[in-house]
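Reader: I'm new to looking at protein models. Could you walk me through this one, step by step?

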Amino acid sequence: MDYTFHTEDGNYLHFEFQTTNRQEDIRRFMFYDASLHYKGNRKIRTVVVYSSDIKKVESYIDAGSIKYHIEAYYMNNIDGDEKYNYLKSKIDNNEELTNEEVLALTFIPLMKGN
């Protein structure tokens with residue numbers, strides 16, 4: 001599991017970051033979540049962040065009595081060049097970046113752009 005957090009309501013928030021789009025990926029996430037649920041007996045919300053070269057994935061598995069889905073977030077919906085230029089301009093002008101903007105810097109390589 002890439003990142004797992006306890007939420008205020010006592011459940012889990014599970015994040016995965018993916019640069020591949022294979023059917024086995026979602027099955028692996030389902031295994032992670034089933035194991036975590038077995039261990040902690042809590043609900044799990046799974047968000048998978050896909051790099052810009054991935055535009056659509058299978059986000060649901062019907063395995064008979066087991067139904068599983070993820071929330072897919074596509075970084076190709078964000079213009080990395082625009083974000084980079086905006087943040088670079090702030091830095092060049094000695095403006096302080098917010099915590100969210102600093103975090104955005106780490107995600108620029110996953111966004112759509114050059």
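Author: Happily! Keep in mind that this is a predicted model. A good place to begin is a polar contact of 2.4 Å, which joins the side chains of Asp33 and Thr46.

Reader: Where does Asp33 lie, and is it buried or exposed?

Author: Look for residues 23–40, the stretch that forms helix 1. Asp33 lies in that helix. As for its surroundings, Asp33 touches Met1, His14, Ile44, Thr46 and Tyr68, leaving aside residues up to four places away in sequence. Asp33 is buried.

Reader: Which side chain of opposite charge is nearest to Asp33?

Author: A salt bridge needs a nitrogen and an oxygen within 4 Å. Asp33 has no salt bridge, since the nearest side chain of opposite charge is 10 Å away. That side chain belongs to Arg28.

Reader: Let's move to helix 2. Which residues are buried there, and what do they pack against?

Author: Helix 2 covers residues 80–92, and its 13 residues reach 18 Å from first C-alpha to last, close to the 18 Å expected. Gly80, Leu87 and Lys90 are buried. They sit on the same side of helix 2 because they cover an arc of only 95° around the axis. The buried residues pack against helix 3.

Reader: Which residues are exposed on the other side of helix 2?

Author: Turn the helix so that you look at the side away from the buried residues. The exposed residues there are Glu82 and Asp92.

Reader: And what follows helix 2?

Author: Start from the other end: a side-chain oxygen of Asp79 reaches to within 3.0 Å of the backbone nitrogen of Asp81 at the start of helix 2. After the helix comes a residue with a positive phi, near 55°. That residue is Asn94.

Note on methods: Residues are numbered from 1 along each chain as its sequence is written. This is a predicted model: local features need pLDDT of at least 70, side-chain atom pairs count only at pLDDT 80 or more; totals for chains, interfaces and linings use all residues. Side-chain values use heavy atoms; hydrogens and water are left out. Helices (H or I, at least four residues) and strands (E, at least two) are DSSP runs, numbered from the N terminus. The expected span of a helix is 1.5 Å times one less than its number of residues. Buried means under 20% relative accessible area, exposed over 50%, partly exposed in between (1.4 Å probe, protein chains only). The arc is that of the directions from the helix axis to the C-beta atoms. Contact means heavy atoms within 4.5 Å. A polar contact is a pair of N or O atoms within 3.5 Å; within protein, one must be able to donate a hydrogen and the other to accept it, and residues adjacent in sequence count only if both atoms are side-chain atoms. Lys and Arg count as positive and Asp and Glu as negative; His and the chain ends are not counted.
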